[in-house]
Structure formats: C-alpha cells, structure tokens
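Open the model in your viewer and keep the selection panel at hand. We will go from stop to stop, and at each one you will be told what to select.

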Amino acid sequence: MATAAPIFYDDVQFVVNLLILVFALIVQGVSFVHCLIQRTDAFPAIGTLPKGGWLAILGITLLFTLLWSRPVGIFPIGIFGLVGIAAGLIYLLDVRVGIRDLTDGRGFW
C-alpha cells in the first residue's frame with residue numbers, strides 16, 4: 001500500500017510568514033532609528049518630508065505591525081505592515097542616501 005508524503009505545508013507556511021514578519025520589523029526598526037538620530041534641518045535640505053512626518057509614518061506603521069502581526073495563518077502582517085515595509089524601504093533607499101550625500105559634502109551626484 002502506497003503512503004503519501006508527509007504533509008508539512010503548514011510548517012513551511014509558518015516559517016515563510018515568520019521570515020516576512022522578521023524582515024518587516026527589521027526594515028521598519030532600522031529606518032525608524034536612523035530617522036530618529038538624524039538632524040532636523042537635513043530633511044528640508046534634500047526636499048523630502050520633514051523629520052516629524054517620517055517619524056510619524058515609520059513609528060505608526062512599526063507600532064501597528066507589532067500589534068497586529070500574526071506569524072500563523074494566511075497573512076502574516078496586515079496592510080499596515082506592508083505599508084511599513086514600503087515606507088521603510090523608501091526611507092532607507094532614498095532619504096537616507098540623500099542625507100548621507102548631504103552630510104559628507106559630496107553633493108547629490
């Protein structure tokens with residue numbers, strides 16, 4: 001009599017959801033801390049939202065990701081987690097680079 005392979009998709013789904021949640025928390029946490037320690041006058045100089053705006057966006061999405069995260073089930077994080085990942089990546093890949101270029105004296109090129 002033939003037996004079926006062990007059904008382990010629940011374990012795989014749990015691990016993938018947990019990895020997505022950890023990635024979301026790392027991206028949001030790093031971007032929030034980086035924004036927190038930057039100078040306030042650097043944000044208008046590069047033509048982006050003020051520091052308070054970025055802190056509000058990143059902080060609220062980080063808080064909501066922490067409150068409503070579920071590593072089990074179909075959706076590991078809610079819509080705020082996905083918005084938080086997007087906002088964190090935009091901050092890290094655009095704003096952080098502009099602030100770094102501004103503060104080290106090399107300009108935007």
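The tour below begins with the whole chain and then moves to helices, the core and some pairs of side chains.

**Before you click**

This is a predicted model, in which local features need pLDDT of at least 70 and side-chain atom pairs count only at pLDDT 80 or more, while totals for chains, interfaces and linings use all residues. Residues are numbered from 1 along each chain as its sequence is written, and side-chain values use heavy atoms, with hydrogens and water left out.

**Stop 1: the whole chain**

Show the protein as a cartoon. You will find 4 helices and 0 strands, in the order α-α-α-α from the N terminus. Helices here are DSSP runs of H or I with at least four residues, strands are E runs of at least two, and both are numbered from the N terminus.

Now switch on the surface. About 7,200 Å² is exposed, and carbon and sulfur atoms supply 75% of that area; the areas come from the Shrake-Rupley method with a 1.4 Å probe, and for residues only the protein chains shown count as cover. How many of the 109 residues, in percent, count as buried? The share is 31%, where buried means under 20% relative accessible area, exposed means over 50%, and partly exposed lies in between (1.4 Å probe, protein chains only).

If you draw contacts (heavy atoms within 4.5 Å), look at those between residues at least 6 apart in sequence: 67% of them join residues at least 24 apart.

**Stop 2: helix H1**

Select residues 9-36, which make up H1. The 28 residues of H1 should span 40 Å at 1.5 Å a residue, and the end C-alpha atoms are indeed 40 Å apart; the expected span is 1.5 Å times one less than the number of residues.

Colour the buried residues of H1, among them Asn17, Leu21, Ala24, Val27, Gln28 and His34. The buried residues of this helix pack against H2, H3 and H4.

Zoom in on Ser31, also in H1. Is Ser31 buried or exposed? Ser31 counts as buried, because its relative accessibility is 0%. Leaving out residues up to four places away in sequence, Ser31 touches Leu58, Gly88, Tyr91 and Leu92.

For a contrast, pick two other residues of H1. Ile20 belongs to this helix and is partly exposed, with a relative accessible area of 34%. Its C-alpha atom lies 9.8 Å from that of Gly81, although the two residues are 61 apart along the chain. Val33 is in H1 as well and is partly exposed at 46%. From the C-alpha of Val33 to that of Leu55, 22 residues along the chain, the separation is 9.0 Å.

**Stop 3: helix H3**

Next select residues 51-67, helix H3. Its 17 residues reach 24 Å from the first C-alpha to the last, close to the 24 Å expected. Buried positions in H3 include Lys51, Trp54, Leu58, Gly59 and Thr61. Hide the other helices one by one to see the cover over these residues, which includes H1, H2 and H4.

**Stop 4: the largest nonpolar core**

Which residues have the most contacts inside the largest nonpolar core? Select Cys35, Phe43, Trp54, Leu58, Tyr91, Val95 and Ile99, which hold that place in a core of 13 residues. Two or more residues come from each of H1, H2, H3 and H4, and H4 gives the most, with 5. Such a core is a set of buried Ala, Val, Leu, Ile, Met, Phe, Trp, Tyr and Cys residues joined through side-chain atoms within 4.5 Å.

Centre on Ile99. Beyond its neighbours within four places in sequence, Ile99 is in contact with Gln38, Ala42, Phe43, Ile46 and Tyr91.

**Stop 5: charges and rings**

There are 2 salt bridges to find, each a side-chain nitrogen of Lys or Arg within 4 Å of a carboxyl oxygen of Asp or Glu. Asp41 and Arg39 meet at 2.6 Å, N to O; Asp41 is partly exposed at 45%, whereas Arg39 is exposed at 56%. In the other bridge, the closest N and O atoms of Arg100 and Asp101 are 4.0 Å apart. Arg100 is partly exposed at 39%, while Asp101 is buried at 12%.

Finish by selecting Phe64, Trp68 and Phe80, a cluster linked by ring pairs.

Conventions. Phe/Tyr/Trp six-rings, centres within 6.5 Å; stacked < 30°, edge-to-face > 60°.
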